[in-house]
Amino acid sequence: MVLLVPELTFLTGLSDLCKNSRMLKEVMWEMIQSPQQHYQRLTSLLCRIRDSPDASRELQRWGLCLDTDIYRTQAHVLPAERINLRHRSFLPAEELGWHREVTKEAPITTISINSWLLVYPKRLQHLAKDLLAAMRSNCGAMGMQVGQPTAQELRDDRIESYVRSIQSSLGSQDKVQLLLCIIPSSRDDVYGAIKKLCCVQTPVPSQVINAQSLMGHPGKIRSVVQKVLLQINCKLGGQLWGVDIPL
């Protein structure tokens with residue numbers, strides 16, 4: 001047993017931060033800095049170390065000397081690579097993201113989902129219905145086909161219920177392309193049990209969706225579903241995009 005002194009411990013991690021959107025934005029603002037901002041912060045730190053007698057003495061004791069400027073070297077800016085989809089090519093925007101293009105155009109190769117399982121607790125049946133409707137309405141623009149799943153409604157959200165239902169469903173069907181599970185919250189134990197079952201014991205591509213990510217305005221659900229469809233296409237062997245970099 002390890003006993004910790006409360007006054008000497010510090011809270012770590014971001015487990016409850018997602019519930020506080022303002023605090024999350026502030027943390028992201030601190031993390032995502034431009035190169036110029038990084039440079040200014042580092043040079044400011046170097047100047048503070050230089051102007052601190054205690055820090056200077058400690059460095060001298062180690063036999064170290066810090067320059068007050070960051071090492072500069074000659075660099076080369078590479079041109080932007082052209083992103084290729086099935087029917088068109090384009091150069092990415094300045095933020096170097098192309099999620100919008102990939103969700104509105106057909107990827108290089110897509111896999112149709114014809115035989116798949118949808119597992120969810122009974123209390124999330126309305127959410128499962130909305131998820132399926134969003135998948136069916138968004139798949140066409142991405143060049144995918146999503147058929148009607150075999151739905152498995154659970155009485156509760158216990159680990160045993162998920163495992164027992166998945167094992168029964170996979171054992172009773174000949175060929176299952178995909179297993180999609182909706183879990184009520186971000187629970188590592190449920191997620192780990194589902195992945196262990198689908199990756200080790202009964203291998204089948206799987207997708208686990210946190211119900212919290214589907215709750216909100218329709219635009220949020222559409223964005224999540226688009227990302228999920230892209231992940232599923234990759235897991236089934238599809239190819240989203242490519243670049244013309246030669247070997």
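The following exchange examines how several descriptions of this predicted model are justified.

Me: Why is Asp-157 called buried?
Reply: The relative accessible area of Asp-157 is 18%. The term buried applies under 20%, so Asp-157 qualifies with its 18%. The residue sits in the loop between β4 (150-154) and α6 (159-172).

Me: What makes the approach of Asp-157 to the side chain of Arg-123 a polar contact?
Reply: The two side chains come to 3.1 Å, and a polar contact requires a pair of N or O atoms within 3.5 Å. The value therefore meets the distance limit. Leaving aside residues up to four places away in sequence, Asp-157 touches Pro-121, Arg-123, Tyr-162, Pro-184, Arg-187 and Val-190.

Me: How do you know that β3 and β4 are paired, and in which sense?
Reply: Two strands pair if at least two bridges are found between them. Strand β3 (residues 116-121) and β4 share five bridges in the parallel sense, so the criterion is satisfied. Within this pairing, Leu-117 stands opposite Thr-150 of β4. The chain passes from β3 to β4 by way of helix α5 (residues 125-138), in a right-handed β-α-β crossover.

Me: What is the strand order of the open sheet of four strands, and what makes β4 and β6 its edge strands?
Reply: The order is β4-β3-β5-β6, with parallel pairing. The strands β4 and β6 (206-210) each pair on one side only, and they are accordingly the edge strands. Neighbouring strands of this sheet are turned by 15° against each other on average, direction ignored.

Me: What supports the pairing of β3 with β5?
Reply: Four bridges link β3 to strand β5 (residues 178-183) in the parallel sense, where at least two are required. One of the residues concerned is Val-119, whose bridge partner in β5 is Cys-181. Helix α6 packs on the sheet, touching β3, β4 and β5, and its direction makes about 160° with that of β3. Helix α7 (residues 188-201) also packs on the sheet; it touches β5 and β6, and its direction makes about 170° with that of β6.

Me: Why is β6 described as largely enclosed by the rest of the structure?
Reply: Four of the five residues of β6 are buried, so the strand is largely enclosed. β6 runs parallel to β5, to which five bridges join it, and Val-208 of β6 is the bridge partner of Cys-181. Together, β5, α7 and β6 make a right-handed β-α-β unit.

Me: What makes β2 and β7 edge strands of the sheet of three strands?
Reply: That open sheet has the order β2-β1-β7 with antiparallel pairing. Its strands β2 (89-90) and β7 (242-243) each pair on one side only. Strand β1 (residues 83-84) and β7 share two bridges in the antiparallel sense; at least two are needed, so the pairing is accepted. Asn-84 has Gly-242 as its bridge partner in β7.

Me: Why is the pair of Trp-98 and Trp-241 called edge-to-face?
Reply: The ring centres of Trp-98 and Trp-241 lie 5.0 Å apart, with 85° between the planes. Pairing requires centres within 6.5 Å, and planes over 60 degrees apart count as edge-to-face; the pair therefore meets both conditions. Trp-98 belongs to the loop between β2 and α4 (99-104) and Trp-241 to the loop between α8 (218-235) and β7, so the pair ties together parts 143 residues apart in sequence.

Me: What places Trp-241 and Gln-212 in the class of partly exposed residues?
Reply: Their relative accessible areas are 35% for Trp-241 and 44% for Gln-212. Partly exposed covers the range between under 20% and over 50%, so both residues belong to this class.

Me: What polar contact links the side chain of Gln-212 with Pro-184?
Reply: A polar atom of the Gln-212 side chain lies 3.2 Å from the backbone oxygen of Pro-184, and the limit is within 3.5 Å. Gln-212 is located in the loop between β6 and α8. Its C-alpha is 6.2 Å from that of Ser-185, although the two residues are 27 apart in sequence.

Technical notes. Residues numbered from 1 in each chain as written. Predicted model: local features only at pLDDT ≥ 70, side-chain atom pairs only at ≥ 80, totals over all residues. Heavy atoms only, no water. Buried < 20%, exposed > 50% of the residue type's maximum accessible area, 1.4 Å probe, protein only. Polar contact = N/O pair within 3.5 Å; in protein donor to acceptor, adjacent residues only side chain to side chain. Contact = heavy atoms within 4.5 Å. Right-handed = clockwise from strand over helix to strand, strands pointing away. Phe/Tyr/Trp six-rings, centres within 6.5 Å; stacked < 30°, edge-to-face > 60°. Axes fitted to C-alpha atoms, helices over the stretch in contact; angles between N-to-C directions.
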